[in-house]
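Colleague: Could you take a close look at one part of this model for me, the nonpolar patch on its surface, and set it against the background of the whole protein?

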Amino acid sequence: MILEECTRFLESDLGLSENWILQYDFSEEKTDESIKKIIGRINLNINKIFENLNLSILSGEVFESPENYNNEFEKLTTKISNIQVGIEVEGNEDVTLKLNDIFHSSFIEPFNFAKKSIQGLIHSFNKNLLNEGGKWLFSIEKTINSLALKNTSHLKEQILILHINIKIADIDINLSINEKFLSSLIVYKKELEEINTEYKYLPLIKDKCNYFIKKILFRIKQDNEHSYLYTIDYQDKELTLEEIDPGYFSCFDNITQKHYSTSDNCYSKNEINAIKEKIRKKESLSYTEIHQLTKIYKDKNNSHAQVSDILKIFLEKYNNEISSAQLSKFNKHSLSVIKNYMLNNEFSIYLEKKKVTLEEIEKKLDEIKHYQLETGIKNYFPYVKYCDYIDKILDAEFKKKELDFDLKYATDLINKLKTNLKEAYKCIEWCKERNFLAFQLPSNECGKMLNFEGENDVKVFLSSSFVLPINFEKLQLDLNELTRKEGKYLTLIELQENLENQKEIILRVRESVEKSEKKSIEILGIFSAIVLFTSGSIQIFSIKNLSMSEAIQFMLAFSYSLVLFIFLIWLITRENLKSLTRVHYAFFGGLVIMCIIAITYVTNPKLDFDVLSKKATPSKTENPKKLDAKKDVKKSNLKK
């Protein structure tokens, strides 16, 4: 570890090894000269420690294994305490006190300031790995003001560089679309540019600062057209992407530009073919390569099959690594985040499939929920995507014609939308509080080896790597729009329900009126039949020479025709003939039988002949003279 270099240097000939103080002459003539040499040696050692501390932050050593780093820090602290105890000039208490005061103010206090600052950084890093727990109210720590440090003029720029380096690293682990972060980075950039000391790792810290400015600004420019202005020393400037050079961190910036490009050809064919060749040879892919293929298959090819295939490759790699006993807390968190990312992308492309049922979609969503409960990572993405999907279905449902609209189905969809919107808001709050990144690489892929000023082994580490921060402000606006639509759909449902109620009332009134009309027609038909039957009966009995049996036969035939007339009126006033009962069919059968009898009676030739013969043959009891008189009357009528 880099911190071990600090210990080794302290134990070297140029360091503050055991009995180092005895190397100097504290005779009366040599005391002042020896004190100056000691101050120079102390400054050399504290500068070397600050240099290594800065490098440990740049290289990510402080993040890759925080527990080991703290242990080494404690060993270094113990070593320095022992050095202070060893500062003693025998027989000269005044010089001993002066040297201790110099060592304390020039070495111990700056070291404690650095240690406190780095411990704060480690705590912030570990806090972001906590997936469980409630909402953080605040965090307070007792800080050491670097301006209050005595005898540190020789370390002024060293302390400033370390302070800025720690602040930039803290922004890295808490990366978000935050204008306060952006403003701080611009100020750090200005302060670093004003440092004249040729400090070894200063160019790396400058370029790291520039890269984070570019990352945040790049994401902001993707989501809106905001331009930012700032003023330094009464000079107004506009912050543009073109003026920011990430320098040594271009290796990260190149991946960022490719992955978040709107172009379909963000990755070259050679890059894609190289990854596919590794798959063909069954070689293990890096998580960066898995991320690249997922981007291509989802956004460019829009292929659910390809996304599912790369998900299988990831799960195989994930299952092999997640069970490792040596897995650090950071890497375990990283694998959990990546798995959520992969499942979410597969879910997103699955929603675009045709002929997929809502039940199948909800089953996939339940699987993601289960995994979120398992890992404690509350990713908002699947809930937002599901709400978008429900919104599209509802929009299509409300555009249907009235007869095709399903009120119950629409109400169920609105309830689903409401439930998942609530979960989405909770998850966004959780992600926002932790400055959650959608994709988190493991520690071994967060670092890059750089050829820095002729050194081939300088490692730089970015916790966020090439991943851009999430714009929670824009996300909140999108959710608010979905909430507004939910309110709109609820209003439409209320209107629909009111319309349904009004329709039911109108139908009841209509049915009541129709029943009254039917009853009126039926009563009128019955009354007409009675009147006709009565008047017809009178006419029948007014016929002379008509026997009782003949009269009854005519009345039966006439009454049947009237009954048939009433029955036809009743049939006409029925809405649904399927509702007829057996009684109705029996009555109808009786009418048919009567119809057959009547037709038989009317069409029977013998019956007709008998009736006619009776009418043609004079009655035996009738006077022939009366018959002749009737004939004469008929003839006279014909003449007239």
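Modeller: Helices and strands are taken here as DSSP runs, of at least four residues for a helix and at least two for a strand, numbered from the N terminus. Counted in that way, the protein, which is a predicted model, has 22 helices and four strands. Of its 640 residues, 41% count as buried, and among the contacts with a separation of 6 or more, 75% are between residues 24 or more positions apart. The protein exposes about 37,400 Å², with carbon and sulfur atoms supplying 55% of that area.

The patch you ask about is made by Ile 505, Val 509 and Val 513, which together give a nonpolar surface of about 230 Å². Ile 505 belongs to helix H18, a run that covers residues 472–541. The relative accessible area of Ile 505 is 38%, and because buried means under 20% and exposed means over 50%, with partly exposed in between, Ile 505 is classed as partly exposed. That value also fits the patch criterion, because residues with over 30% relative accessible area are the ones from which patches are made.

Two cysteines offer a contrast with this surface position. Cys 209 has a relative accessible area of 0% and is buried, and Cys 387, likewise at 0%, counts as buried too. As for cysteine pairing, a search of the whole structure finds zero disulfides, where a disulfide would require two cysteine sulfur atoms within 2.5 Å.

Note on methods: Residues are numbered from 1 along each chain as its sequence is written. This is a predicted model: local features need pLDDT of at least 70, side-chain atom pairs count only at pLDDT 80 or more; totals for chains, interfaces and linings use all residues. Side-chain values use heavy atoms; hydrogens and water are left out. Buried means under 20% relative accessible area, exposed over 50%, partly exposed in between (1.4 Å probe, protein chains only). Contact means heavy atoms within 4.5 Å. Accessible areas come from the Shrake-Rupley method with a 1.4 Å probe; for residues, only the protein chains shown count as cover. Patches are made of residues with over 30% relative accessible area and no salt bridge: like charges are joined within 9 Å, nonpolar side chains (Val, Leu, Ile, Met, Phe, Trp, Tyr) within 5 Å. A salt bridge is a side-chain nitrogen of Lys or Arg within 4 Å of a carboxyl oxygen of Asp or Glu.
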